[in-house]
Amino acid sequence: MKNYLILLWLFAIGCKSAENPSGTPAPPVTPVDTVGTFKNPILSPAPDPWVIHKDGFYYVMHTTATNLRIYKTRSISRLSAATPVTVWTPPATGPNARNIWAPELHHIDGKWYIYYTADNGVDGAHRMFVLENAAADPTTGTWIDRGQLNLPDNKWAIDGTVVRLNGQLLYAWSGWENDLGGTQNIYICKLTNPYTAEGPRVRVSAPELTWEKEGFGVNEGPQFLVHGGKVFIIYSASFCGTDQYALGQLSADTTTNLVAPTSWTKSPNPVFGPYASGTAYGVGHNSFFTTPGSAGSLEYWLVYHANPAPGQGCADFRSARMQPFGWKPDGSPDFGSPVSLNEYIKRPSGD
């Protein structure tokens, strides 16, 4: 019996040593909050994501190339659980029949508008088009085709967006200087209503810096961001087929003439990306949303697409991601770095 007890004691010591060979206490395991947090991506594939938050719902669109779809959800971090509603299918032929890119949903003067890019199958024919819907919910009602947006000079145009500042609707987009292709610039003009442009187009940015010319010179995907007496245009730079695709920034005072090139100042370096964390490459084509925080202040969120691995280009590897951002002492946005797909993020307030 004595020998048997000794054997049991030796066996117990051996098991304990195998569990923790060093003999030091094992570190405590920190539980992961999977209810109040989420991981990116929020939707995949989802290139060129657009988000608007209104009346407690998030409405989301992205490039499908073949139609226009809207996701509706109360929880943006659970977007992948939402079922999209196809609100428009292109005609079989015509100027807006093919290559439908970068749709944006805006609520202007009590109605919904979708701005989208399309062509007739020839890239050089890309133009901006507008749909209108008077319903309270853009996934319902009837979408009226307002046709091509008559942008000044009628040149190649993609990635249009709109903002109202000082009572004036302003429209920004990416376009060619002529009909021969080449570099893509950011242009701006005024609108008299959501589907009618006026005045000349004004170039406010061209790909002049080295980091804007990877692949070839590109400034595209402009997005307005207004905060504290300043207006920013956050745009995507370099060819989307490269891992160097990144976000650049133009800034101006809201009191200046915003259709004058001299009103805008370009940041000398990218403000987000081009890549980080080993799971975010080709970071770009962003949008923004805000939601009330727990203390009544606003939470600011950046939505963008990226590839999970290098060399994946402008294909359907691009997924929609989001992360919160803050503000620098000079009033400009502080986006930080693209968050890893392995990192947990606190869900937006109320999500």
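1. C240 in this predicted model is buried, at a relative accessible area of 17%. That value falls in the buried class because the cut-off is under 20%. Its disulfide partner is C314. C314 is partly exposed, at 32%. The two ends of the bond therefore carry separate labels: buried for C240, partly exposed for C314.

2. The sulfur atoms of C240 and C314 are 1.9 Å apart. The disulfide count for the model comes to 1. The torsion about the S-S bond is about 115°, so this disulfide is right-handed. C240 sits in the loop between strand 15 (230-237) and strand 16 (246-253). C314 sits in the loop between strand 20 (298-307) and strand 21 (319-327). The bond therefore ties together parts that are 74 residues apart in sequence.

3. One further cysteine deserves a check. C189 has a relative accessible area of 0%, so C189 is buried.

4. Now the nonpolar core. The largest one holds 19 residues. Which residues touch the most other members? They are L170, I188, V204, F224, V231, L258 and W264. Two or more residues each come from strand 10 (157-165), strand 11 (168-175), strand 12 (185-193), strand 13 (196-205), strand 15 and strand 16. Strand 15 gives the largest share, 4 residues. Strand 15 and strand 16 also flank the loop that holds C240.

5. F224 is a good place to inspect the packing. Neighbours within four places in sequence are left aside here. What does F224 contact? The partners are T161, V162, V163, L170, A172, I188, V231, F232, I233 and F288. Among them, L170, I188 and V231 are also listed with F224 as core members that touch the most others.

6. Next, the backbone. Most residues other than glycine have a negative phi, and most peptide bonds are trans. The sites in points 7 to 9 merit a look for that reason.

7. Two peptide bonds are cis. One joins N40 and P41, with omega about 0°. P41 lies in the loop between strand 1 (37-38) and strand 2 (50-54). The other runs from G273 to P274, with omega near 15°. P274 is in the loop between strand 17 (265-266) and strand 18 (275-276).

8. D55 has a positive phi, near 50°. Its place is the loop between strand 2 and strand 3 (57-61). Is D55 buried or exposed? D55 is exposed, with a relative accessible area of 63%. The cut-off for that label is over 50%.

9. N99 also has a positive phi near 50°. N99 belongs to strand 6 (residues 98-108). At 29% relative accessibility, N99 is partly exposed. A positive phi near 50° appears again at D109, in the hairpin of strand 6 and strand 7. That hairpin has 2 residues between its strands.

10. How do strand 6 and strand 7 (residues 111-119) run, and how many bridges join them? They are antiparallel, with 7 bridges. One bridge pairs R98 with D119 of strand 7. In a regular strand the side chains alternate between the two faces of the sheet. The positive phi of N99 falls within strand 6, so the backbone there is worth viewing against the usual negative phi.

Terms used:
Residues are numbered from 1 along each chain as its sequence is written. This is a predicted model: local features need pLDDT of at least 70, side-chain atom pairs count only at pLDDT 80 or more; totals for chains, interfaces and linings use all residues. Side-chain values use heavy atoms; hydrogens and water are left out. A disulfide is a pair of cysteine sulfur atoms within 2.5 Å. Buried means under 20% relative accessible area, exposed over 50%, partly exposed in between (1.4 Å probe, protein chains only). A nonpolar core is a set of buried Ala, Val, Leu, Ile, Met, Phe, Trp, Tyr and Cys residues joined through side-chain atoms within 4.5 Å. Contact means heavy atoms within 4.5 Å. Two strands pair if DSSP finds at least two bridges between them.
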